[in-house]
Amino acid sequence: MSCRKASNGGVGVPERVSSQNNSAIVSTRVLHAFRAALAEAARFVGQTAPNPAVGCALLDEHDEIVLVAAHHRAGELHAERLALQQAREAGVIERVRTAVVTLEPCNHTGRTPPCTEALLDSPVKTVWIGCRDPNPRVDGSGAARLAQAGLTVRWLAEAGGAAEVFARCQALLAPFACKQIHRRPWITVKQALNAQGSMVPPAGQTTFTSFASLTFAHRIRRMTDGILTGTGTILADLPSFTVRHVPDHEHVRRLLVICGQQDALPQSWLDQRRACFDIRFCSDLTHLPALLAQTSAMWLMAEAGPRLLAALRQHNLWDDWLTIRQSAEAQDQYFISQRQNVTPLVLLPEWVHCQQEQVCFPES
């Protein structure tokens, strides 16, 4: 049940080469627009499930940014429609010539109408696409619809000089792609170790990591759709699992998956957590993928003790593994192991401090 390496080195999202676009060279202004769209989309990661986080930038005839928007949450306007609507409201729609989107526009009606039709009903003449949509309801049809209507469609994956930005588009898409392709959320393991390699904090404390590392962990909590933990971790310190140290999304109800038996936990703690979490119990880890497939969660963070973490590793139920190590000088170091060469953790500012330990591509 691992998210294996795709032929393009991504998260199983195929990038179809088009003879129309395989010689396209992306300009620095278009790359800047992609970065702006990615940054805007990253603000809403953690509240869009079951939809992917998507950003859109609208450019003028000189490829200068006119407006940037992103999808906020399921049921609300997609990034392209929101950007076009805001451009009309601001009176700048007639300046728009190019749309830059991190993900292929949808071409079907769900809770909202197709984004392809919104683009066709606008002054947009060129559409730059970051990643192809792994959703089989889209699967290239969005780009095809735009091209058939006469728009110029360009894929970032095919453009020269775009590798770094394309990788970030893949990172933004990774949790959604994992859920679409493998029917389970992306799982990030967070493990904190002291200088001696132990996960046990000093007596009377629940952690030994620095405030900066706590902030890092809570940024991940904010961007994920839930927590995966064990009864042992809960009994050890009765954690709240809420987002602290950074502002949380409003009106988000997350998933809390507990490995173990419900009757092992205090009922008062469960009642408190049910006020803000949808709680699921998993007594057998081999049943975890099927349980997760029934939820809308796209990205989970595992916060657990050594026994459950060892079991997750044994069953290949993880996608990236963040280890926070307290050095002998009491300064935290960040190490990342990845099951493939993409991780949504690159969207966090702390990523620049992470040291890559390994990238593996297991066959099981």
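The exercises below walk through a predicted model of one protein chain, each with a worked solution.

Residues are numbered from 1 along each chain as its sequence is written, and side-chain values use heavy atoms, with hydrogens and water left out. Because the model is predicted, local features need pLDDT of at least 70 and side-chain atom pairs count only at pLDDT 80 or more, while totals for chains, interfaces and linings use all residues.

**Exercise 1. Describe the protein chain as a whole: how many helices and strands are there, and what share of the residues is buried?**

Begin with the secondary structure: the protein chain has ten helices and 13 strands, where helices (H or I, at least four residues) and strands (E, at least two) are DSSP runs numbered from the N terminus. Next, take burial, for which buried means under 20% relative accessible area, exposed over 50%, and partly exposed in between (1.4 Å probe, protein chains only). By this definition, buried residues make up 56% of the 364 residues in the protein chain. Finally, turn to contacts, meaning heavy atoms within 4.5 Å: among those between residues at least 6 apart in sequence, 71% join residues at least 24 apart.

**Exercise 2. Find which residues touch the most other members of the largest nonpolar core, and follow one of them outward.**

A nonpolar core is a set of buried Ala, Val, Leu, Ile, Met, Phe, Trp, Tyr and Cys residues joined through side-chain atoms within 4.5 Å. The largest such core has 86 residues, and the members touching the most others are Val127, Trp128, Leu156 and Leu322. Helix α5 (residues 163–182) supplies the largest share of this core, namely ten residues. Separate from it is a second core of 21 residues, which includes Cys259, Cys282, Leu288 and Trp321. Following Leu322, and leaving aside its neighbours within four places in sequence, one finds contacts that include Val189, Lys190, Phe216, Tyr334 and Cys354.

**Exercise 3. Work out which parts of the structure the buried residues of helix α2 pack against.**

First list the buried residues of α2 (residues 79–89), which are Ala79, Glu80, Arg81, Leu82, Ala83, Leu84 and Ala87. These buried residues pack against β1 (55–59), β2 (65–70), β3 (98–103) and α3 (115–120). After the helix comes Gly91, whose phi is positive, near 75°.

Now move to α3, where Thr116 is found. Thr116 is buried, with a relative accessible area of 0%, and, apart from neighbours within four places in sequence, Thr116 is in contact with Pro105, Cys106, Asn107, Gly142, Arg145 and Leu146.

**Exercise 4. Compare two salt bridges by asking where their partners lie and whether these are buried or partly exposed.**

A salt bridge is a side-chain nitrogen of Lys or Arg within 4 Å of a carboxyl oxygen of Asp or Glu, and the whole structure contains twelve of them.

Take Glu117 and Arg145, whose side chains meet at 2.9 Å, N to O. Because Glu117 lies in helix α3 and Arg145 in helix α4 (residues 141–148), the pair ties together parts that are 28 residues apart in sequence. Glu117 is partly exposed at 31% relative accessibility, and Arg145 is partly exposed at 29%.

Then take Glu303 and Lys190, whose side chains meet at 3.4 Å, N to O. Glu303 lies in the loop between β10 (299–302) and α10 (306–314) and Lys190 in strand β6 (residues 186–193), so this pair ties together parts that are 113 residues apart in sequence. Here Glu303 is buried, with a relative accessible area of 9%, and Lys190 counts as buried at 18%. To finish, Arg221 joins Lys190 and Glu303 in a network of salt bridges.
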